[in-house]
Amino acid sequence: MAELLSDTEISEALNKLPYWQRSGDVLERTAELANFPQAIAVVNRVAEIAESVNHHPDIDIRWRTVTFRCSTHSAGGITAQDVSLAEQIDSTIDAL
């Protein structure tokens, strides 16, 4: 099982993830895309990444606004896997 990050480690990770915030035991980012098709494209790409690493975020999409929530449910909180996935989500959004 993945090891939970300490509060200090989470704070340090968030310093490198300016669009993310901590919400309890979850890393969360909301992104507003240009339009609905672009939002769906981001969700589809994140789904591919998540499948490839077998680590899946919670995703909420409302028209062109997408919210990602990363948490390692089996560990009960935030792990290095969540930080890595958040970085990959940022790269996906930035690539548009």
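Start by selecting aspartate 90: apart from neighbours within four places in sequence, its contacts are Leu17, Tyr19, Trp20 and Arg29. Keep in mind as you go that this is a predicted model.

**Stop 1: aspartate 90 and arginine 29**

Aspartate 90 sits in helix H3. Is this residue buried or exposed? With a relative accessibility of 9%, aspartate 90 counts as buried. Now add leucine 17 to the selection and draw a distance between the C-alpha atoms: aspartate 90 and leucine 17 are 73 residues apart along the chain, yet 8.2 Å separates them in space.

Next, show the side chain of arginine 29. Aspartate 90 and arginine 29 form a salt bridge, and their closest N and O atoms are 2.5 Å apart. This pair links distant parts of the chain, with aspartate 90 in helix H3 and arginine 29 in strand E2, 61 residues apart. Arginine 29 is buried, as is aspartate 90.

**Stop 2: where H2 meets H3**

Stay with H3 and bring in helix H2, residues 36-53. The axes of the two helices come within 10 Å and cross at roughly 145°. The crossing of H2 and H3 is right-handed. To see what makes the contact, select Val42, Arg45, Val46 and Ile49 on H2, then Leu85, Gln88, Ile89, Thr92 and Ile93 on H3. Colour this set by residue class and you should find six nonpolar, two polar and one charged residues.

Arginine 45 deserves a second look. Which residue does the arginine 45 side chain meet in a salt bridge? The partner is glutamate 48, at 3.0 Å from N to O. Glutamate 48 and arginine 45 are three residues apart in helix H2, so about one helical turn separates them. In general, an α-helix has 3.6 residues a turn, so residues three or four places apart point the same way. Glutamate 48 is partly exposed at 48% relative accessible area, and arginine 45 is partly exposed too, at 40%.

**Stop 3: histidine 55**

Follow the chain out of H2 into the loop between H2 and strand E3 (58-62), where you will find histidine 55. Although it is in a loop, histidine 55 counts as buried, at 9% relative accessibility. Show its surroundings: leaving aside neighbours within four places in sequence, histidine 55 is in contact with Ala50, Ser71, Thr72, Gln81, Asp82 and Leu85. For leucine 85, the C-alpha distance to histidine 55 is 7.8 Å, and the two are 30 residues apart along the chain.

**Stop 4: cysteine 70 and threonine 79**

Select cysteine 70 in strand E4, residues 65-70. Cysteine 70 counts as buried, with 1% relative accessibility. Beyond residues up to four places away in sequence, cysteine 70 touches Trp20, Asp25, Val26, Leu27, Pro57, Asp82, Leu85, Ala86 and Ile89. Pick alanine 86 from that set: cysteine 70 and alanine 86 are 16 residues apart in sequence and 7.1 Å apart in space, C-alpha to C-alpha.

Then move on to threonine 79, in the loop between E4 and H3. At 1% relative accessibility, threonine 79 counts as buried. Which residues does threonine 79 contact, leaving aside neighbours within four places in sequence? They are Ala2, Glu3, Leu4, Leu5 and Thr72.

**Stop 5: helix H1**

Finally, select helix H1, residues 7-15, and highlight its buried residues: Ile10, Ala13 and Leu14. Look down the helix axis and these buried residues fall within an arc of 100°, so they line one face of H1. On the other side of H1, Thr8 and Asn15 are exposed. Turn on the elements covering the buried residues of H1, which include strand E1 (21-23), strand E2 (26-32) and helix H3 (80-94).

Before you leave H1, show aspartate 7 together with arginine 22. They form a salt bridge, with 2.9 Å between the closest N and O atoms. Because aspartate 7 lies in helix H1 and arginine 22 in strand E1, the pair ties together parts that are 15 residues apart in sequence. Aspartate 7 is exposed, with a relative accessible area of 51%, whereas arginine 22 is partly exposed, at 35%. If you would like to keep exploring, the whole structure holds six salt bridges, including this one between aspartate 7 and arginine 22.

Technical notes: Residues numbered from 1 in each chain as written. Predicted model: local features only at pLDDT ≥ 70, side-chain atom pairs only at ≥ 80, totals over all residues. Heavy atoms only, no water. Buried < 20%, exposed > 50% of the residue type's maximum accessible area, 1.4 Å probe, protein only. Helix = DSSP H or I, 4+ residues; strand = E, 2+ residues; numbered from the N terminus. Arc of directions from axis to C-beta. Contact = heavy atoms within 4.5 Å. Axes fitted to C-alpha atoms, helices over the stretch in contact; angles between N-to-C directions. Left-handed = near helix turned anticlockwise from the far one by under 90°. Nonpolar A, V, L, I, M, F, W, Y, C, P; charged D, E, K, R; others polar. Salt bridge = Lys/Arg side-chain N within 4 Å of Asp/Glu carboxyl O.
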